[in-house]
Amino acid sequence: MEYILVALGGFLGSVLRFYIASIVDRRLIGTWAANVTGSIFLAFIVYYYYNGSLTDDIWLFLGVGFCGAYTTFSTFGNETLNLIMEKRYGLAIGYVLSSLFMTLGGVFVVMSLL
């Protein structure tokens with residue numbers, strides 16, 4: 001049952017990530033938005049899971065499955081390397097730093113408020 005919950009959450013997370021990338025019609029922005037919003041959402045999930053408000057099944061579905069597929073470090077890494085290979089160093093640095101600070105900042109804000 002655990003694998004099914006993770007798979008179902010992963011299916012929904014990956015489809016939503018693809019949808020976001022398609023509606024903004026730009027890969028960098030879509031990946032950035034998914035990573036920032038997914039990190040913030042995961043902060044909520046982690047807080048409520050460790051608080052005892054969420055069951056293991058919900059954690060597996062949302063935290064491991066959905067957020068694991070919705071956020072994507074592999075795409076982030078690939079896009080960053082493509083920017084570097086295209087000699088777009090300023091954009092690569094901005095992409096990495098804004099991704100880092102926005103995801104960590106969002107998680108910090110959520111954890112501080114909860």
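This is a walk through the aromatic pairs, the nonpolar cores, the surface patch and the salt bridge of the structure above. Please keep in mind that the model is predicted.

Let us begin inside. The largest nonpolar core has 11 residues in all: Leu5, Ile20, Ala33, Ala34, Ile45, Trp59, Leu60, Leu62, Phe66, Cys67 and Tyr70. Helices α1 (2-24), α2 and α3 are the elements that give two or more residues to this core. The largest share, six residues, comes from α3. For a local view of this core, try Ile45. Leaving aside its neighbours within four places in sequence, Ile45 is in contact with Leu54, Trp59, Leu62 and Gly63. There is also a second, separate core of five residues, which includes Leu28, Phe76, Ala92 and Tyr95. As background, nonpolar side chains in soluble globular proteins tend to be buried together.

Aromatic rings are a good next stop, and the structure holds seven aromatic pairs. One of them joins Phe41 and Phe66: the ring centres are 5.9 Å apart and the planes stand at 80 degrees, so this pair is edge-to-face, the cut-off for that class being over 60 degrees. Because Phe41 lies in helix α2 (residues 27-50) and Phe66 in helix α3 (residues 56-70), the pair ties together parts that are 25 residues apart in sequence. How buried or exposed are the two partners, Phe41 and Phe66? Phe41 is partly exposed, with a relative accessible area of 31%, whereas Phe66 is buried, at 14%. Ring pairs also bring in Tyr70, linking Phe41, Phe66 and Tyr70 into a cluster. Two members of that cluster, Phe66 and Tyr70, are already familiar from the largest nonpolar core.

Another aromatic pair takes us to the second core. Phe76 and Tyr95 have ring centres 5.3 Å apart and planes at 45 degrees, a tilted arrangement. Phe76 lies in helix α4 (residues 73-85) and Tyr95 in helix α5 (residues 89-113), so this pair ties together parts that are 19 residues apart in sequence. Both Phe76 and Tyr95 are buried.

Now turn to the surface. A nonpolar patch of about 800 Å² is made by Leu81, Ile84, Tyr89, Ile93, Leu97, Leu100, Phe101 and Leu104. The elements giving two or more residues to the patch are α4 and α5, and α5 gives the most, with six residues. Phe101, one of the patch residues, lies in helix α5. With a relative accessible area of 57%, Phe101 counts as exposed, because the cut-off is over 50%.

Staying on helix α5, we find Met102, which is partly exposed, with a relative accessible area of 41%. What is Met102 in contact with, leaving aside its neighbours within four places in sequence? The answer is Trp32 and Val36. Met102 and Ala33 are 69 residues apart in sequence, yet their C-alpha atoms are 9.7 Å apart in space. Ala33 is itself part of the largest nonpolar core.

We finish with charge. The structure holds one salt bridge. Arg88 forms a salt bridge with Glu86, and the closest N and O atoms are 3.2 Å apart. Arg88 is partly exposed, with a relative accessible area of 40%, and Glu86 is partly exposed too, at 47%.

Conventions: Residues are numbered from 1 along each chain as its sequence is written. This is a predicted model: local features need pLDDT of at least 70, side-chain atom pairs count only at pLDDT 80 or more; totals for chains, interfaces and linings use all residues. Side-chain values use heavy atoms; hydrogens and water are left out. Rings of Phe, Tyr and Trp (its six-membered ring) pair if their centres lie within 6.5 Å; planes under 30 degrees apart count as stacked, over 60 as edge-to-face and the rest as tilted. Helices (H or I, at least four residues) and strands (E, at least two) are DSSP runs, numbered from the N terminus. Buried means under 20% relative accessible area, exposed over 50%, partly exposed in between (1.4 Å probe, protein chains only). A salt bridge is a side-chain nitrogen of Lys or Arg within 4 Å of a carboxyl oxygen of Asp or Glu. Patches are made of residues with over 30% relative accessible area and no salt bridge: like charges are joined within 9 Å, nonpolar side chains (Val, Leu, Ile, Met, Phe, Trp, Tyr) within 5 Å. Accessible areas come from the Shrake-Rupley method with a 1.4 Å probe; for residues, only the protein chains shown count as cover. A nonpolar core is a set of buried Ala, Val, Leu, Ile, Met, Phe, Trp, Tyr and Cys residues joined through side-chain atoms within 4.5 Å. Contact means heavy atoms within 4.5 Å.
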